[in-house]
Amino acid sequence: MDYKVYIVERISLEGVSKEEIAQNLCVPPDSALGDFALPCFKFSKTLRRSPVSIAEEIASAFEKDAVISSVTPVNGYVNFKVDRKGLVRETLGRIAKEGDRYGSSDLGKGRTICIDYSSVNIAKPFHIGHLSTTALGGALYRIFNFLGYKAVGINHLGDYGTQFGKLISAYKHWGNKEEVEKGGIHAINDLYVRFNSEATEEMEREAREYFRLIESGDKEANDLFEWFKGLTLAYVGKIYDRLHIKFDSYAGERFYTDKMQPVVEELKEKGLLQESQGAMIVDLEPYGMAPCLILRSDGASLYATRDLAAAIYRKQTYDFEKCLYVVAYQQNLHFRQVFKVLELMGKDWAKDLVHVAYGMVSLEDGAMSTRQGKVVWLEDVLSRCVEKAAKVLEEKNPALENKAEVAEKVGVGAVIFGALYNNKIKDITFSYEKALNFDGETSVYVQYTCARAYSLLAKGGKAELPANYEPNTQEFDLVKALSEFPETVRAAAEKYEPSLVARFCVDTAQKFNKFYFDCKILQAESDEARAFRLCLTEATLTTLKNAFTLLGIGVPEKM
RNA sequence: GCGCCGUUAGCUCAAUUGGAUAGAGCGUUGGUCUACGGAACCAAAGGCUAGGGAUUCGAGUUCCUUACGGCGCACCA
C-alpha cells in the first residue's frame, strides 16, 4: 500500500492538479502531528485564498476510512494520520511474507547498470584510501541487484603504464624470486617504492624499455608482469572475500590496448582531434574545461583514451542503462572531460555515465604518502578491528562457541560500516581510535540489537500476528520505521548513497531498543501483546538483516 | 588566477531535496531497570546552521558575495 498515492487520490481541490498535490505531500517533523502532511501555502497563491481556509476545506471534504483515521487542519497544513492497526497489519504481514526479499523490488527488471568500483592497481597493496570505493561500490552493486537491476561489477584494474616497466627494472636490480614469493605484494611494492627514490637515469630508460617490451609481447617481461598480477589478484581476492565483494569483470586498462585505435580514428573522422604542443587533444575550451589529452607527443595513449574505449566497449557489451564510476572526487575534471568527449562524438548515452564521487581519506598527520611510509594498510585495520572484537567478546561472552567467526563479522563489519555511514562526499580523517570504537552509532550497536532479537525469538518461539491489536507508541514508531525500508533502499539507489541504508539501520535499532526497554515481550501483559511483540521482533530482525546484507555486513546470532 | 566540492552543538555527523520547535552519537553531568542480553535505556547542558546580502507565505537547503579548508587545472593513473 502506498499511502501517499492513496491520500492524493482522495483529495480534490478545484484549480490544483493531483500532481501538484502529490509533489507537496510530505512527512511532518513530529509523528505526533501526523503521518503525512500537506502544506497549502503554494495553493494559496493560485487560488487567491488563505492557506488556512484551503487546509480547512480539504480536511472537511476528506472522507475518513479504514486507512486514514484522522485529518486535521493546522495553520495551513492538513495533517493525516493513518490507521495504526492497518499500517501494522500491512507492514508486518508483508515482512513475514517477503522475508529476506523485504525491501526488494522489480523496479529494475530488464535494466542493466554497470558499476566500476574498487579498481585496484597491480603491484600495490590495498590501503585505507581504497576502502571507500570498494565499500560504496559493493553496496551499490547489491542494492541495485536487490531492486531487480542486473548490476555488472567491474574492477577496472590499473594494469597499464610505465610503472610496470619501473617495477620490472627494480626487480631485475634488487629483487629475487624467493623474496617476492615470501613477501608477496608488500615485497613488490617495496621494490617499486625503492625505484622511485633510488633509480638512476639509466634505470629510468631501462624502465621505459621494459614497458615497451610488455607492450610488444616480449615473453620474459610479460611473464614477470603476469606473475605480479597473479600475486596481486590473489592478495586482493582474500580481502574481497572478507568484505563480501564480488565482480563480474576484471577487464582493466590493458584490456583496452587494442580498442583505443578505433576510438582515435573516430575522433579524427568526426573532426574532434587536433594537434596541440605536439600532443593530440580534444579541445573543450567552449565548455570551460581544459583540453582532453588523447595521445601524448610520443604517440602513446593516456588514461582518458582508455576510459573512452572502456565506456564504448561497456555500452556495446552490456547495453547499460547507466554506468557508474565510483571514484574519488579528485578525478572530477577527468570524468567531466571524458563524458563530454563522448557526447561530442555523438554518443547519446553519454548522459547515462555517472561519476559517483566520494571524499578523500587522510591520516591525522596529513595526507597519506607511500613514499614517506605514511600509509595505513587495510589488512592491518581489519585485523586490529577483529582482534578488538575478539577481546571484547572474550570479556562479555566467554562461553560463546564460534568466537572467531563472530569476531570476524563484528570487526570487519565495523570497518565497512565506518566507510558507509556518512554522506559519501565527506572527507574522512582515518584514526584507529575511531575505527576501534564500537560505541554509539556503529554496526556493533545494530548487531547487538539483532542478537537481542535472536535471543528473544529463541526463547519466545513462533507467534501468530494478532488480528486486531492496538499498538502503543513505541510499537507503532518501530513498525513505521520498518515500513520505510523499501523506500529507503530506493532512495539509496537513486542518490547512489548507501549511507541512507546504514543510517536506517541505526535509527531502527534505536527504536527497537526503546521498544525493548519499555515493553515486556516474553512476560507481556496479555497473550495478544506477547504474540504481537514477538512478531514485531522478528520483523525487525528480518529488516535489519536485509539492510546489513546490502551493506555487506554479517549479523551473528549471538555475540 | 580559474573551476569543482565542503563549512551545522566542544568533537564526528544527520536533517525525507523549499516546510512546522534544526536532530543523533561521542565526550561531560545526573539518573533508570531485582538484566526478556547493561555493547542497553532516560534526562540535562550544549546552536545567530562560517559572515553578509537577495529570492518568498517560509531558507541549513536556492541565487549572489566574502572568509576559511580540500581537490583539480597538458602529455601520471
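**Exercise 1. Check the length of helix 14 (378-396) against its expected span, then find its buried face**.

Step 1. This is a predicted model; local features need pLDDT of at least 70, side-chain atom pairs count only at pLDDT 80 or more, and totals for chains, interfaces and linings use all residues. Residues are numbered from 1 along each chain as its sequence is written, while chains are lettered from A and ligands numbered from 1 in the order in which they are written.

Step 2. Helices (H or I, at least four residues) and strands (E, at least two) are DSSP runs, numbered from the N terminus. The expected span of a helix is 1.5 Å times one less than its number of residues. Helix 14 has 19 residues, so 27 Å is expected at 1.5 Å a residue. The C-alpha atoms at its ends are 27 Å apart, in agreement.

Step 3. Apply the burial cut-offs. A residue is buried if 20 or more other C-beta atoms lie within 10 Å of its own, exposed if 12 or fewer, and partly exposed in between, with C-beta atoms placed from the backbone. In helix 14 the buried residues include Leu378, Val381, Leu382, Cys385, Val386, Ala389 and Leu393.

Step 4. Look down the axis. The buried residues of helix 14 fall within an arc of 125°, so they line one face. The arc is that of the directions from the helix axis to the C-beta atoms. Lys391, Glu394 and Glu395 are exposed on the face turned away from the buried side.

Step 5. Find the cover. Two residues are in contact if their C-beta atoms, placed from the backbone, lie within 7 Å. The buried residues of helix 14 are covered by elements including helix 6 (131-146), helix 10 (219-243), helix 15 (403-420) and helix 16 (432-435).

**Exercise 2. Place Ala390 and list what it touches**.

Step 1. Ala390 sits in helix 14. Ala390 is partly exposed, because 17 other C-beta atoms lie within 10 Å.

Step 2. Leave out residues up to four places away in sequence; Ala390 then touches Lys403 and Ala407.

Step 3. Compare sequence with space. Ala390 and Ala407 are 17 residues apart in sequence, yet their C-alpha atoms are 5.0 Å apart.

**Exercise 3. Decide how enclosed helix 6 is**.

Step 1. Check its length. Helix 6 has 16 residues and should span 22 Å at 1.5 Å a residue; its end C-alpha atoms are 22 Å apart, which agrees.

Step 2. Count burial. Of the 16 residues of helix 6, 15 are buried, so the rest of the structure largely encloses this helix.

Step 3. Read on past the end. Gly148 follows helix 6 and has a positive phi, near 95°.

**Exercise 4. Compare the surroundings of two residues with positive phi, Ser119 and His244**.

Step 1. Recall the background. Most residues other than glycine have a negative phi, and most peptide bonds are trans.

Step 2. Take Ser119. Its phi is near 35°, positive in a residue other than glycine. Ser119 lies in the loop between strand 4 (112-116) and helix 6. Ser119 is buried, because 21 other C-beta atoms lie within 10 Å.

Step 3. Take His244. Its phi is near 60°, again positive in a residue other than glycine. His244 lies in the loop between helix 10 and helix 11 (260-269). His244 is partly exposed, because 17 other C-beta atoms lie within 10 Å.

**Exercise 5. Describe helix 13 (332-344) and its packing**.

Step 1. Helix 13 has 13 residues and reaches 18 Å from its first C-alpha to its last, close to the expected 18 Å.

Step 2. Gln337, Val338, Phe339, Val341 and Leu342 are buried in helix 13. The buried residues of this helix pack against strand 7, strand 8 (292-295), helix 12 (303-318) and strand 10 (353-358).

Step 3. Gly346, just after helix 13, takes a positive phi of about 90°.

**Exercise 6. Characterise the surface near RNA strand B**.

Step 1. A residue is near a molecule or strand if its C-beta atom, placed from the backbone, lies within 6 Å of it. RNA strand B is surrounded by 74 residues; the closest are Ala37, Phe41, Arg296, Asn423 and Gly440.

Step 2. Assign elements. Those supplying at least two residues each include helix 13, helix 14 and helix 17 (443-460). Helix 17 gives the largest share, eight residues.

Step 3. Sort by type. Ala, Val, Leu, Ile, Met, Phe, Trp, Tyr, Cys and Pro count as nonpolar, Asp, Glu, Lys and Arg as charged, and the others, Gly among them, as polar. The surface near RNA strand B has 39 nonpolar, 19 polar and 16 charged residues.
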